Amino acid sequence: MSKPNYDLEHHVKKATGIGDPQCFKDEAGEAKFKVGDKVRVKDLPDVFYTRTQAYTRGATAIVAELVYESPPAEDEAWDNCDNPEWFYSLIFRQKDLWPEYPDTFAGDTLETELPERWLESA
Amino acid sequence: MSSPTRNRVLGHLDYVGLLQPAIHKETHAPYPDEVTNEQYRAYTRAAHDVGGERDVPISWEEKEEEVWEHNTFVTCEVLAWRGVWNAEERRRRQNVDVGQTQYLGLPYYGRWLLTAALILVDKQFVTLTELHDKIDEVKKRYE
């Protein structure tokens, strides 16, 4: 067995002086959603890795901002950076996430960022 | 056969027998038809995805970082600058690949440090026997 030949500098070369995720700007194509859209988080398989919190699956949210383009965590975690996606900052109602959330705080929200592959129109 | 090493090893084996996934039920490599879809999902989830899991309150302690923790952080950043991993691969390895038992059972920077050593073995920068020999050499300095 021979040793694999890793390109040790490809990310350094891409991001130095620019930043990450800024170095993926304009690589994700047209965004599927816009600010104000109502979306639902898909319940995709998550074996081996994800950063899409289980507690968000199936819940609806409002798109607050298109934050950046980046490979989804599931790809980037194995250094697969060829397919960046739009990331959206999403606002959930706390009452939609936690069944026992008190009515007293019905206006509370939670904001988190997810990549486009996890979202569908709602 | 008894020796300090054997006693440590046997004590270790006893203790490992107490480690179980936190469903408070013994499981020992079950047969396939003994695993429900619910159990499969629980077992294969990313260990760091703890949000929403029921748990007891834990106390908050203000703790300054120790020298070895700073050194571990710097080592991991340098590995990134040298292209050994990116930040997401580091997180995947130290938060998920370690599994639930280590994720919950080891200190935060302990997981960083173990992961830094493991990626150097995984990507063949050092061999595991070299690492074992080095750990043994350093341990002997303190005996």
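## Nonpolar cores

In this predicted model, the largest nonpolar core is made up of ten residues, namely A:V39, A:V41, A:A61, A:F87, A:Y88, A:L90, A:F92, A:L114, A:W118 and A:L119. Two strands of chain A, β1 (38-41) and β3 (85-93), each supply at least two residues of this core, and of the contributing elements β3(A) gives the most, with four residues.

One member of the core, A:F92, can be followed further through its contacts: leaving aside residues up to four places away in sequence, A:F92 touches A:T56, A:A59, A:A61, A:L97, A:T109 and A:L110. Of these partners, A:A61 is itself listed in the largest core. Apart from that core lies another, of five residues, which includes B:C76, B:L79, B:W112 and B:A116.

## Contact between the chains

Between the two chains, 18 residues of chain A are in contact with 17 residues of chain B. On the side of chain A that touches chain B, the helices α1 (10-15) and α2 (73-76) of chain A each supply at least two residues. By class, that side of chain A comprises ten nonpolar, three polar and five charged residues.

## Confidence

The model as a whole scores ipTM 0.90 and pTM 0.85. For chain B, the mean pLDDT is 85, and 83% of the residues of that chain reach 70 or more. Where pLDDT is low, the predicted coordinates should not be read in detail.

Notes:
Residues numbered from 1 in each chain as written. Chains lettered and ligands numbered in written order. Predicted model: local features only at pLDDT ≥ 70, side-chain atom pairs only at ≥ 80, totals over all residues. Core = buried A, V, L, I, M, F, W, Y, C linked by C-beta atoms within 7 Å. Buried ≥ 20, exposed ≤ 12 C-beta atoms within 10 Å, placed from the backbone. Contact = placed C-beta atoms within 7 Å. Nonpolar A, V, L, I, M, F, W, Y, C, P; charged D, E, K, R; others polar. pLDDT = per-residue confidence, 0-100.
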